[in-house]
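User: I would like a close look at one helix pair in this model, and then at the backbone and cysteine details that can be read in the rest of the chain. Please take it slowly and keep to what the coordinates support.

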Amino acid sequence: MTESHPDLKTTQAGWVPRFVSNLSKRSPILLALIGIIAGAIGATSFSPFYIWPSYFVTLIVFSILVMTSTTAKSAFWRGSSVGLGFFGAGVSWVYVSIAEYGQVGIIIAALITFLFICVLCAFWSFSAWLAWRLSQRFTQIPASLWITLSLLVGEYLRSTLFTGFPWLLPGYAIENTWLFELLPIGGIWLTSACVILTASVIACIMLKKTNQLIPFISVLVIWLSSAYLQYFPISWVQQTGTLKTTLVQGNVKQDVKWLGETAVRSLAYYQQETLNHLDSDLVVWPETAITFTYPRIKDHFKPFTKELAENNTTLITGIPDVSENKRDYFNAIWATGNGFGLYYKQRLVPFGEYIPFAEYIGPILDVFGMPMSNFKSGDDNQPVLQVGEWGVAPFICYEIVYAEQVRRMVRDSDFLITISNDGWFGTSIGPWQHLQIAQFRAKETGRYVIRATNTGVTAFINEKGEVIAQAPQFEKATLTAEAKAFSGITPYVQWGYWPTFWLLGFGFIFSYLYGLILRRKN
C-alpha cells in the first residue's frame with residue numbers, strides 16, 4: 001500500500017505551513033529542535049508553575065507539525081520531537097530516585113531516565129502517525145477531530161499498558177481555567193479531550209483548514225458552559241458530617257528509613273504525636289510509616305490500639321504485610337483503634353515495586369546493580385476502610401493518579417485518603433505534580449482528599465479540589481483540620497468515560513453531515 005501525500009496547494013496555503021515546509025527542507029534538525037522546545041514549554045502548565053497557556057502552545061505546535069507532514073513517517077518523527085521535549089521536562093524528576101536510591105552511577109541513571117522518557121514519548125509518536133493516516137484517509141472529517149481522537153487513544157494506552165503511567169495527562173493543565181469545572185461531569189478524560197480539541201482547532205484555523213465549523217462551535221460551547229459552571233456551580237454531593245483529623249509527617253530520610261534503629265525511633269515519634277492528638281477523630285500516618293511487618297507489629301500495638309479505641313480515635317497508617325508462607329509481600333494500609341480494615345495496594349510501581357517481564361529484564365538490571373522489589377498486588381474488589389461510622393476509600397502512593405480506580409471505590413466512601421512517600425523524589429517537581437493530581441480526584445468525585453506523606457506535600461483538599469491546609473516540606477510536622485464527609489455521586493462517578501465518548505461522537509457525526517452538505521452545495 002503506497003503512502004498518500006497531502007495536496008500541495010493545501011500544504012502551502014498560509015505562511016505557517018510554508019514556514020514549516022521550507023524549514024523541513026533546509027534544516028530538519030532545527031524543526032525537530034522547535035518541536036522539543038515547544039514540548040518542554042508545556043511542562044510549565046502543571047504544578048508548581050501553573051502557566052496553563054503553555055500546554056496549548058505544545059499541542060498547537062504538535063498539531064501543526066503533524067498536519068503539515070508529507071508522509072506518515074515524518075509525522076511520526078515530528079510528534080516524537082514534541083513528546084521528547086514534553087516528557088523530558090515534565091518527568092525528569094524520575095532521575096532523582098534512580099540516581100540517589102537506585103545504587104547505580106550517574107551515567108546509568110541518566111540512561112535509564114532517558115529510556116523511560118522515550119517509552120512515554122512513543123505514545124505521542126504513535127498518536128502523530130495515527131492522526132496523519134486517519135486525516136489523509138478520511139478527509140471528510142476535520143483534522144482537528146482526528147488529532148483529538150488519536151492523542152486521546154495514545155494517552156489512554158500510556159495510562160493502562162503495563163500498569164500504566166497516567167501522569168501529566170492533557171486535562172491536568174487546566175486547573176486554573178474554566179474547564180476545571182467539567183471534572184465532576186466527565187473527569188480527567190473529558191477535560192483532556194477539551195484541551196486537545198481546543199488546541200487542534202486553533203492549529204487548523206492557523207493552517208486555514210476547511211470544514212472546522214462544527215469543532216469550532218463545540219469548543220465555543222465547551223468554554224462557555226464551563227464559564228457558566230464557574231459562576232453558577234452545581235452541587236452534586238451533600239455534606240453528612242465532619243471529622244477532626246490530624247496528619248503526621250515524620251520526615252524520615254529515605255536512605256535510613258528501613259534501618260532497625262531508625263524504624264524504632266520513627267515509630268516512637270509517630271505514636272507520641274498520636275497520643276498528643278487523641279482529641280482527633282482520625283490520625284493518619286504516611287506510606288510505610290511503620291517499617292515492621294503487620295504480623296510482627298500487631299500484638300505489640302494492642303495496648304496502643306486499646307487506648308485509641310477508648311478515645312474514639314482511629315489510626316490509619318501505611319505498613320508492609322507478608323503472607324503466611326513468608327513469600328508474598330504487600331504494600332498495605334491498616335486502620336485500627338476506633339476503626340478497622342486492611343487494604344493492599346492494587347497498582348504497583350513498575351521497576352519500583354515489581355519488575356515487568358522479570359524473567360527477561362531482571363538479569364539486565366542485575367548487571368546495572370539496581371535493587372529489585374517484589375511486592376504483590378491486592379485484589380480489585382477490596383472493601384473500603386472503616387473510621388467509626390464513616391467509609392474511607394484508601395489509595396497508596398501513585399494509585400491516586402488512576403481516575404477509574406478512584407471512581408470505582410468512591411461509591412462506598414465518605415472521603416478519600418491517600419498516603420505516600422515522595423521522599424524518593426527529593427526537592428524536584430514530582431511531589432507537587434502528585435499533589436495536583438490528588439486535587440483533580442477530589443473535584444471529580446466531590447469528596448475530601450486527606451493526603452499524608454513522609455516528607456511532603458501533606459495536605460487537606462476539599463471537595464472543590466482546593467488545598468485548604470498544607471504542611472511544610474522536609475520538616476517533622478503535624479497538621480490538624482476538619483475533614484468533611486460527603487454522600488452522593490457526581491455525573492463522572494455515575495457515567496465514567498461516557499461524556500467524553502458523547503462529545504467526540506457528536507463531533508464526528510455532525511462534522512460528517514456538515515461535510516456532506518458542503519459537498520452537495522459545491
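The answer below begins with the packing of one helix against the next and then moves outward to loops, cysteines and a surface position.

Analyst: Because this is a predicted model, everything that follows describes computed geometry.

The part to look at closely is the pair formed by helix 6, which covers residues 94–101, and helix 7, which covers residues 106–137. The two pack with their axes 9 Å apart and at an angle of about 150°. Since angles over 145 degrees count as roughly antiparallel, helix 6 is therefore roughly antiparallel to helix 7. The crossing of the two helices is right-handed.

On the side of helix 6, the residues that make the contact are V94, Y95, I98 and A99, and on the side of helix 7 they meet I106, A109, A110, I112, T113 and F116. By character, the residues of this contact divide into nine nonpolar and one polar, with no charged residue. An α-helix has 3.6 residues a turn, so residues three or four places apart point the same way. That is a useful guide when turning the model to view the contact.

Burial can be set beside this list of contacts. In helix 6, the buried residues are V94, V96, S97 and I98, and the buried residues of this helix pack against helix 7. V94 and I98 are thus named both as buried and as part of the contact with helix 7.

Outside the helix pair, the backbone has some features to inspect in the loops. In the loop between helix 3 (28–42) and helix 4 (53–67), where P48 is found, a cis peptide bond joins S47 and P48, with omega at about 10°. Y50 has its place in the loop between helix 3 and helix 4 as well, and its phi is near 60°, which is a positive value in a residue other than glycine. With a relative accessible area of 28%, Y50 is partly exposed.

A cis peptide bond also joins G456 and V457, with omega at about 15°, and here V457 lies in the loop between strand 9 (449–453) and strand 10 (459–461). A positive phi is found too at N251, where the value is near 50° and the residue is again other than glycine. N251 lies in the loop between strand 1 (238–249) and helix 11 (260–275), and its relative accessible area of 23% makes it partly exposed.

For work with thiols, the cysteines deserve a separate paragraph. A disulfide is a covalent bond between the sulfur atoms of two cysteines. Counting a pair only when the sulfur atoms are within 2.5 Å, the model comes to zero disulfides. C204 serves as an example, because its sulfur is 16 Å from the closest cysteine sulfur, that of C194, which is too far for a bond. C204 has 0% relative accessibility and so counts as buried, and C397 is buried as well, with a relative accessible area of 12%.

A surface position can close the tour. K306 has its place in helix 13, which covers residues 302–310, and at 56% relative accessibility it counts as exposed. K306 and L182 are 124 residues apart in sequence, and their C-alpha atoms are 45 Å apart in space.

How values were computed. Residues numbered from 1 in each chain as written. Predicted model: local features only at pLDDT ≥ 70, side-chain atom pairs only at ≥ 80, totals over all residues. Heavy atoms only, no water. Helix = DSSP H or I, 4+ residues; strand = E, 2+ residues; numbered from the N terminus. Buried < 20%, exposed > 50% of the residue type's maximum accessible area, 1.4 Å probe, protein only. Axes fitted to C-alpha atoms, helices over the stretch in contact; angles between N-to-C directions. Parallel < 35°, antiparallel > 145°, perpendicular 65-115°, else oblique. Left-handed = near helix turned anticlockwise from the far one by under 90°. Contact = heavy atoms within 4.5 Å. Nonpolar A, V, L, I, M, F, W, Y, C, P; charged D, E, K, R; others polar.
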